[in-house]
Amino acid sequence: MKLRLLDSGARGALPGALNMAIDEALLGSVSRGESPPVLRLYRWSPPCVTVGYFQSLEAEVDLDACRASGVDAVRRLTGGGAVFHDGEITYSTVLPLGHALAPDDILESYRLVCAGIIGGLGLLGVDAVFEPINDIAVGGKKVSGNAQTRRQGCLLQHGTILLDLSPERMFSLLKVPAEKLKGRLVEEVKARVTSLRALLGRAVPYAEAAEALAKGCSSAWGAELEPLPLSSAEEAEARRLAAERFSSRKWNFRR
Amino acid sequence: MIRRRDHKVPGGKLLRVEVEIESGLVRRALVRGDFFAHPEEAFEAAEAGFVGIPVELVEETALSLFSKPPLRLFGATPADIAQALGEAADETQAP
């Protein structure tokens, strides 16, 4: 199969609302048959906290702390938990439902898509495994979280691969049940989560990670990569969605 | 009266439920959390199904509404959600 490769991050990092909007615009393109299946790679600037579709942004995120440190906050189209996007590479893929990588069985599709990410990590020298429902781990520690939604006859899955880990910073932006718990939560994350820097003992630049992930997905998914940037129509749609949906109070504070 | 309850699900997910009650009837039920539900709109339709039901039927209604196809849940079961909502609703009857 042909797999459209869109390396958004090669040109720089984007704000969270626009990142989420580009994913949704691509969902529309694939859904209308205007684009082949897509693998997109990207990064975030400013850093951003996203919350899952079913979470309350207000309940999970310390919005004052975010404002004070210039961090965005956005609700995702996908379920799952709160994520602090900084020091990571993010991917998204859009596949028509029924595609070999997008069977009706949701857990199986997580496994199939994550196999590409695991392949990419292998190329970087990291031996990772899929951990159901939606994690990728190395030696029992999570290095990647993934989230999927199915809309408009397509599967959209996005996920993060941690290049670096900063739990203290993360918990300074999330609401925790009690301030005295913060230290314990930071320790828990350090025990359960890892990063490419920790695993490889060096900083992995975005471009190196992007190349490995693209190759890993191409190989695991049996796909031929075809670099194809955003069309002007997709870009316009993404800008509209970023403004009207992912930057709006109506969407972000809906639950 | 709005009652909230946080309910940790075995496996680690956190359900944060809210039940608004007036004269023994549910006005609104909201199930927030870090779980997955497909399709998302079917989950919201299930939440809307609580409007007007008597408080004492919250748990069994939840079991039925959140088990209904095409809804598929990951990270929390209909029984988890029913328990969380049932406990929240129960508190409203406490003195």
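I take helix axes as lines fitted to C-alpha atoms over the stretch in contact, with angles running from 0 to 180 degrees between N-to-C directions. The model I am reading is predicted.

**Entry: a helix pair in chain A**

I looked up how α1 (residues 16–31) and α9 (residues 232–246) of chain A pack. Their axes lie 8 Å apart, at an angle of about 125 degrees. I therefore note α1(A) as oblique to α9(A). The crossing of α1(A) past α9(A) is right-handed.

Next I listed the residues that make this contact. From α1(A) I have A17(A), L18(A), M20(A), A21(A), I22(A), E24(A), A25(A), L26(A), G28(A) and S29(A). From α9(A) I have E234(A), E237(A), A238(A), L241(A), A242(A), R245(A) and F246(A). I sorted the residues of this contact by type: eleven are nonpolar, two polar and four charged.

**Entry: the sheet of chain B**

In which order do the three strands of the open sheet in chain B run? I read β1-β2-β3, with antiparallel pairing. β1 (2–8) and β3 (25–33) of chain B each have a single partner strand, so they stand at the edges and one side of each has no neighbour in the sheet. On average, neighbouring strands here are turned by 15 degrees against each other, direction ignored.

I then went through the pairs. β1(B) and β2(B) are joined by seven bridges in the antiparallel sense. Within β2(B), R16(B) is the bridge partner of D6(B). β1(B) and β2(B) form a hairpin, with five residues between them. In that turn, G11(B) has a positive phi of about 105 degrees.

For β2 (residues 14–22) of chain B with β3(B), I find eight bridges, again antiparallel. Here E20(B) has R28(B) in β3(B) as its bridge partner.

**Entry: A88(B)**

Is A88(B) buried or exposed? I checked its surroundings: 26 other C-beta atoms lie within 10 Å, and the cut-off for buried is 20 or more, so A88(B) is buried. A88(B) sits in helix α3 (residues 78–91) of chain B.

Which residues does A88(B) touch, leaving out those up to four places away in sequence? I find R3(B), R4(B), R5(B), V17(B) and V19(B). I also looked at E18(B). Its C-alpha atom is separated from that of A88(B) by 7.1 Å, although the two residues are 70 residues apart along the chain.

**Entry: chain A against chain B**

Last, I looked at the contact between the chains. Chain A gives 14 residues and chain B gives 14 residues. On the side of chain A that touches chain B, I count five nonpolar, seven polar and two charged residues.

Note on methods:
Residues are numbered from 1 along each chain as its sequence is written. Chains are lettered from A and ligands numbered from 1 in the order in which they are written. This is a predicted model: local features need pLDDT of at least 70, side-chain atom pairs count only at pLDDT 80 or more; totals for chains, interfaces and linings use all residues. Two residues are in contact if their C-beta atoms, placed from the backbone, lie within 7 Å. Ala, Val, Leu, Ile, Met, Phe, Trp, Tyr, Cys and Pro count as nonpolar, Asp, Glu, Lys and Arg as charged, and the others, Gly among them, as polar. Helices (H or I, at least four residues) and strands (E, at least two) are DSSP runs, numbered from the N terminus. Angles under 35 degrees count as roughly parallel, over 145 as roughly antiparallel, 65 to 115 as roughly perpendicular and the rest as oblique. A crossing is left-handed if the near helix is turned anticlockwise from the far one by less than a right angle, and right-handed if clockwise. Two strands pair if DSSP finds at least two bridges between them. A residue is buried if 20 or more other C-beta atoms lie within 10 Å of its own, exposed if 12 or fewer, and partly exposed in between; C-beta atoms are placed from the backbone.
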